[in-house]
Amino acid sequence: MQQLPLDIEIKAESTFGNFVAGGEANSQLVSMLQQTAQGQSDFIFVYGEAGTGRTHLLQAFTHRFSEAFPQKLVAYLPLDNQQLVPAMVDGLAGFDAVCLDGIEHCLGDKAWETAFFNLYNQLKEQSKTFIIAANQSPQNLEFALADLKSRFSAMLIHAIQPLSDDDKRRFLQTKAKERGLELSEEVATYLLSRQQRDLPHLVELLEQLDHASLQAKRRLTIPFVKQVLEL
C-alpha cells in the first residue's frame, strides 16, 4: 500500500471480519466490497448516516486490497482532513484503487469537483476501482457541476442501514467479552438508553469502563457504570 504524504490513519482494526453488518442489506454490501477487493473493477458509492461504518468499510477495503495485491497501489483519502487540497486528487489516477471518504465535505467547490470529475473519467478509462463514501446519496447531495452528479449517480449505489438496538446490544456484549468483561443485557440496554448510540462512541465507552473496572476491581453493574460515566 502506498501512503500519501499526509498524516492519515488507517486503523488496523478496521477489517471486514469485525464489521457488524446486522441485516441482510449490509451483509450484501460487505460481500460486494470483499469481491471488489479481490480484483473486480467496480465504481461504488456508499452512503449512510454518521456512525454506520462508512469509514470502517473503506478502510477494510484498503486493507484487503493491499493484502490481495501487494504490488498494486491503493489510496484512502479522508476528505474531512484540512490538509487536503484539490491538486492532491490529480495524482490518484495512477493508483489501482481509490477510496474517497466523506466526499460531502468538498462538494459545492468547483475546484474540488473538477478534480473528482477528471479522476472519475481517468479511472473509468483504465478499468480501475473507485469507491466513495458520503452521508447522503448522490441524488440528495448538492453539486456545483451537474456532470459530476451524473457520474456519481451512475455508480453502484448502496445505503448502509443503521443497526437495530438488538444488534448494538450484541455488539457491545461481544466487544466486552473480547476484553474479558462481562456485560449483562441489562447493563448494555442501560448504556444504549443513556448514551450516543453510534458504534465508535460505544467502543470508547467500553474502553473507559474497562479501564475503570480494572482499577476498581469491580464488575460492570448499573450503579458502577453510573458512577464512572457520571450519569
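## Exercises on a sheet, a helix and two cores

Isoleucine 44 stands opposite isoleucine 131 in S4. Keep that pair in view as you work through this predicted model.

**Exercise 1. Place the strands S1 and S4 within the sheet, and find which strands stand at its edges.**

*Solution.*
- Begin with the pair itself: S1 and S4 are joined by five bridges and run in the parallel sense.
- Next, widen the view to the open sheet, where five strands follow the order S2-S3-S4-S1-S5 with parallel pairing.
- Now look at the ends of that order. S2 and S5 (156–159) each have a single partner strand, so one side of each lacks a neighbour in the sheet.
- Finally, check the twist: on average, neighbouring strands are turned by 15° against each other, direction ignored.

**Exercise 2. Work out where the buried residues of H1 lie around its axis, and what covers them.**

*Solution.*
- Check the helix length to start. H1 has 14 residues and spans 20 Å from first to last C-alpha, close to the 20 Å expected at 1.5 Å a residue.
- List the residues under 20% relative accessible area. In H1 the buried ones are Asn26, Leu29, Val30, Met32, Leu33, Thr36 and Ala37.
- These residues cover an arc of only 160° around the axis, which means that they sit on the same side of H1.
- Then ask what lies over them: the cover includes S1, H2, S4 and S5.
- After the helix comes glycine 39, with a positive phi near 120°.

**Exercise 3. Describe the largest nonpolar core, and follow the contacts of leucine 100.**

*Solution.*
- A general tendency helps here: in soluble globular proteins, nonpolar side chains tend to be buried together.
- The largest nonpolar core has 55 residues, and those with the most contacts inside it are Leu100, Ile103, Phe116, Phe130 and Phe152.
- Trace its sources. Elements giving two or more residues include H1 (24–37), S1 (43–47), H2 (54–68) and S4 (129–134). H4 gives the most, with seven residues.
- Zoom in on leucine 100. Beyond its neighbours within four places in sequence, its contacts include Leu58, Leu77, Phe116, Phe130 and Ile132.
- Another core, of 23 residues, lies apart from the largest one; among its members are Leu163, Tyr190, Leu220 and Val225.

**Exercise 4. Set these parts within the whole protein.**

*Solution.*
- Count the elements: the protein has nine helices and five strands.
- Read them along the sequence, and the pattern is α-β-α-β-α-β-α-β-α-β-α-α-α-α.
- Last, consider burial: 48% of the 231 residues count as buried.

Definitions and conventions
Residues are numbered from 1 along each chain as its sequence is written. This is a predicted model: local features need pLDDT of at least 70, side-chain atom pairs count only at pLDDT 80 or more; totals for chains, interfaces and linings use all residues. Side-chain values use heavy atoms; hydrogens and water are left out. A nonpolar core is a set of buried Ala, Val, Leu, Ile, Met, Phe, Trp, Tyr and Cys residues joined through side-chain atoms within 4.5 Å. Buried means under 20% relative accessible area, exposed over 50%, partly exposed in between (1.4 Å probe, protein chains only). Helices (H or I, at least four residues) and strands (E, at least two) are DSSP runs, numbered from the N terminus. Contact means heavy atoms within 4.5 Å. Two strands pair if DSSP finds at least two bridges between them. Axes are lines fitted to C-alpha atoms, for helices over the stretch in contact, and angles run from 0 to 180 degrees between N-to-C directions. The expected span of a helix is 1.5 Å times one less than its number of residues. The arc is that of the directions from the helix axis to the C-beta atoms.
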